[in-house]
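Trainee: Got a minute to go through this one with me? I have the viewer open and a few things I'd like to ask.

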Amino acid sequence: MWREIKKVIHQHKNFLLTTHLNPDGDGIGAACAMTELLLKMDKHVRFVCDSPISRKYAFLDYHKTHSSYDPSQDYNDIEVVVVLDTHKKERIGRVASLVDHPNVVSICIDHHPATELFTPYMSIDPKACSAGAMVYTLFKECGYDLNLEAATGIYASVICDTGRFCYSSTGRKAHKIADECIKQGVDPDQMYSRLFQHVTLAEIKMFAHTLQAMETHLENKVVIQQIRKGECEKIGAGFLDIENIDLEYIHDFNNHIEDVQCFVLLRELADNHVRVSMRSRPYLDISQVVKRLGGGGHPHAAGLSWKGTLEEVKDRILVLLTELFEQQKKSKQACGA
């Protein structure tokens, strides 16, 4: 598929890059590297997302191309939309209107298992550790060497989506890519500081409150943590942007909890919505549970948006996790037989 994607790139001039709502280090890092590649090819590029971008990723906007989607803006010059780190149109929010425009060609580069096809120009590789790693491959396919800016974006992508090289997605290629980025001048210590040391005091207060109310279920195999929109004001953190705040540091902490197999983080939002983020140990595949709830992701890191109450989605998740553990138990018994 890279051959067809390269052909589309060569045939057009004006590009818009985007990624999923509530963008993370992979989507933004991949966009950073993709911007460098397109600039090397003398293209016009901008990065537009339908969610605010966390301030900790601001250093990746080397060319001041980042902006939030604004329906009043003129996007008529866009010839190609490149969707990174998702292959579901609903996951890019209102930017999907540009993808649907009859005069716009779409390219998709993603490493999640394919469930939806919205363009013939899709490169989907579930074995890739990150979308940024796929942009690294595209660099090589196009015959360009990385510069420091592209290497920084790719390193950010890889380190974020491999959980700092701890997740099962971390293979030899992930380390090879990181090594090449470091050779280009990327400083691992500086990157760690920029990406993972930005938790505010208000966020710590919220986290402490969340831990105090933490629930355990299914013989302590499941931990559920809840962030209720009305509670932040009570603990002096009412000014936090709960909808767009990056809560990955909570999952980082959860990884240290012994014996728990699945972590569920529920974030209550406005308009009767709940954002669900789930993580699991390497031996427990939660992707099918999340898929049945209308979400998506990886076998051990997935999420969804739920229309309804926090209690409703919690009960539904526990039912599905109970079924999953029963299936796991039967599978072990069958293997033992």
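Trainee: Which residues form a nonpolar patch on the surface?

Mentor: Val-199, Leu-201 and Ile-204 do, with about 270 Å² of accessible area together. Keep in mind that we're looking at a predicted model.

Trainee: Where does Ile-204 sit?

Mentor: Ile-204 is in helix 8, which covers residues 201–212. Its relative accessibility is 41%, so Ile-204 counts as partly exposed.

Trainee: OK, changing topic to charges. How many salt bridges does a search of the whole structure find?

Mentor: The search turns up 13. As background, side chains of opposite charge can pair when their charged atoms come close.

Trainee: Let's take Lys-56. Which residue does it form a salt bridge with?

Mentor: Its partner is Asp-246, and the closest N and O atoms are 2.6 Å apart. Lys-56 lies in the loop between strand 2 (44–49) and strand 3 (66–68), while Asp-246 lies in the loop between helix 9 (231–234) and helix 10 (248–254), so the pair ties together parts that are 190 residues apart in sequence.

Trainee: And is Lys-56 buried or exposed?

Mentor: Lys-56 is buried, at a relative accessible area of 12%. Asp-246 is partly exposed, with 26%.

Trainee: What about Arg-164, which residue does that one form a salt bridge with?

Mentor: Arg-164 pairs with Asp-252, and there the closest N and O atoms are 2.5 Å apart. This pair also links distant parts of the chain: Arg-164 is in the loop between helix 5 (148–161) and helix 6 (172–183), Asp-252 is in helix 10, and they are 88 residues apart. Arg-164 counts as partly exposed at 25% relative accessibility, and Asp-252 is partly exposed too, with 21%.

Trainee: One more of these. How far apart are the closest N and O atoms of Lys-221 and Glu-219?

Mentor: They're 3.3 Å apart, and the two residues form a salt bridge. Lys-221 counts as buried at 19% relative accessibility, whereas Glu-219 counts as exposed at 73%.

Trainee: Hang on, why does Lys-221 count as buried at 19%?

Mentor: Because buried means under 20% relative accessible area, and Lys-221 is at 19%.

Trainee: Fair enough. Now Asp-50: where is its place?

Mentor: Asp-50 is in the loop between strand 2 and strand 3. At 18% relative accessibility, Asp-50 counts as buried.

Trainee: Which residues does Asp-50 touch?

Mentor: Leaving out residues up to four places away in sequence, Asp-50 touches Leu-21, Tyr-69, Ile-92, Gly-93, Arg-94 and Val-95. With Arg-94, the backbone nitrogen lies 2.8 Å from a polar atom of the Asp-50 side chain.

Trainee: Last topic, helix 4. How many residues has it?

Mentor: Helix 4 has 12, residues 131–142, and it reaches 17 Å from its first C-alpha to its last, close to the 16 Å expected.

Trainee: And why is helix 4 largely enclosed by the rest of the structure?

Mentor: Because 10 of its 12 residues are buried. Among them are Met-134, Val-135, Tyr-136, Leu-138 and Phe-139.

Trainee: What caps the N-terminal end of helix 4?

Mentor: Ser-130 does, with a side-chain oxygen 3.4 Å from the backbone nitrogen of Gly-132.

Trainee: Which residue follows helix 4?

Mentor: Gly-143, and its phi is positive, near 80 degrees.

Note on methods. Residues numbered from 1 in each chain as written. Predicted model: local features only at pLDDT ≥ 70, side-chain atom pairs only at ≥ 80, totals over all residues. Heavy atoms only, no water. Helix = DSSP H or I, 4+ residues; strand = E, 2+ residues; numbered from the N terminus. Expected span 1.5 Å × (residues − 1). Buried < 20%, exposed > 50% of the residue type's maximum accessible area, 1.4 Å probe, protein only. Polar contact = N/O pair within 3.5 Å; in protein donor to acceptor, adjacent residues only side chain to side chain. Salt bridge = Lys/Arg side-chain N within 4 Å of Asp/Glu carboxyl O. Patch = residues over 30% accessible without salt bridge, like charges linked within 9 Å, V, L, I, M, F, W, Y side chains within 5 Å. Areas by Shrake-Rupley, 256 points an atom, 1.4 Å probe, with all protein chains shown as cover. Contact = heavy atoms within 4.5 Å.
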